[in-house]
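Open the model in your viewer and keep the sequence panel beside it. This tour goes stop by stop, with something to select at each one.

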Amino acid sequence: MDAVASLPTLDGLRAHVLQVLCGCERLDPAQTPLHETVVTRSGRPCGLFFQVQGPRLVKAYAVWAGEEGRLLFYDSTGRRFAQTRLTDAPDPLRLAG
């Protein structure tokens, strides 16, 4: 079963991603930086790629597919372990600025 969330702001989206990724890899969210990159399709922003890095070369990541309204979470082995469907999310077109 997929989680469902309302995350209307980028800050809320980032906080949710950090909590889920750190929870999976048992990292401390207060000490784990969240890196992000804008994802584009045909030159237009359509989402974000997030990554956290921990000790022992642990890297987990998430993809926000803005047009689809969902977050996909992957653990350090590359296996998708969670998905969150968004009932409310930021406009991905506003990521251009």
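## Stop 1: the β2–β3 hairpin

Strands β2 and β3 pair in the antiparallel sense over eight bridges. Two strands count as paired if DSSP finds at least two bridges between them. Helices (H or I, at least four residues) and strands (E, at least two) are DSSP runs, numbered from the N terminus.

Before going on, note the ground rules. This is a predicted model, in which local features need pLDDT of at least 70 and side-chain atom pairs count only at pLDDT 80 or more, while totals for chains, interfaces and linings use all residues. Residues are numbered from 1 along each chain as its sequence is written, and side-chain values use heavy atoms, with hydrogens and water left out.

Select Thr37. Its bridge partner in β3 is Phe49. Now select Glu36, which stands opposite Phe50 in β3. Move to the turn. The hairpin of β2 and β3 has two residues between the strands. Ser42, in that turn, has a positive phi of about 55°.

## Stop 2: on to β4

Follow β3 to its other partner in this tour. β3 and β4 pair in the antiparallel sense over seven bridges. Select Leu48 and look across to β4: Trp64 stands opposite. This hairpin has five residues between the strands. Among the residues to click here is Arg56, which takes a positive phi near 60°.

## Stop 3: helix α1

Select residues 10-25, which make up helix α1. How far apart are the end C-alpha atoms of α1? They are 23 Å apart. At 1.5 Å a residue, the 16 residues should span 22 Å, so the two values agree. The expected span is 1.5 Å times one less than the number of residues.

Color the buried residues of α1: Leu13, Val17, Leu18, Leu21, Cys22 and Glu25. Buried means under 20% relative accessible area, exposed over 50%, and partly exposed in between (1.4 Å probe, protein chains only). Look down the axis of α1. The buried residues fall within an arc of 145°, so they line one face of the helix. The arc is that of the directions from the helix axis to the C-beta atoms.

What covers the buried residues of α1? The cover includes β2, β3, β4, β5 and β6. Contact here means heavy atoms within 4.5 Å. Then step past the helix end to Arg26, which follows α1 and has a positive phi near 55°.

## Stop 4: the cysteines

Select Cys22. At 1% relative accessibility, Cys22 counts as buried. Its sulfur is 9.9 Å from the closest cysteine sulfur, in Cys24, which is too far for a bond. A disulfide needs a pair of cysteine sulfur atoms within 2.5 Å, and the structure holds zero disulfides. Also select Cys46, which is buried at 8% relative accessibility.

## Stop 5: the salt bridges

Side chains of opposite charge can pair when their charged atoms come close. A salt bridge is a side-chain nitrogen of Lys or Arg within 4 Å of a carboxyl oxygen of Asp or Glu. How many salt bridges does the structure hold? It holds seven. Visit three of them.

Start with Arg85 and Asp2, whose side chains meet at 3.3 Å, N to O. This pair links distant parts of the chain, 83 residues apart. Arg85 lies in strand β6 (residues 80-88), and Asp2 sits in the segment before β1 (3-6). Arg85 is partly exposed at 38%, and Asp2 is partly exposed at 36%.

Return to α1 and select Asp11 and Arg14. Their salt bridge is 3.2 Å, N to O. The two residues are three apart in the helix, so about one helical turn separates them. Asp11 is exposed at 58%, whereas Arg14 is partly exposed at 26%. Add Glu36 to the selection: Asp11, Arg14 and Glu36 are linked in a network of salt bridges.

Finish with Glu67 and Arg41, which meet at 2.7 Å, N to O. Glu67 lies in the loop between β4 (59-65) and β5 (70-74), and Arg41 in strand β2 (residues 34-41), so the pair ties together parts 26 residues apart in sequence. Glu67 is partly exposed at 44%, and Arg41 is partly exposed at 47%.
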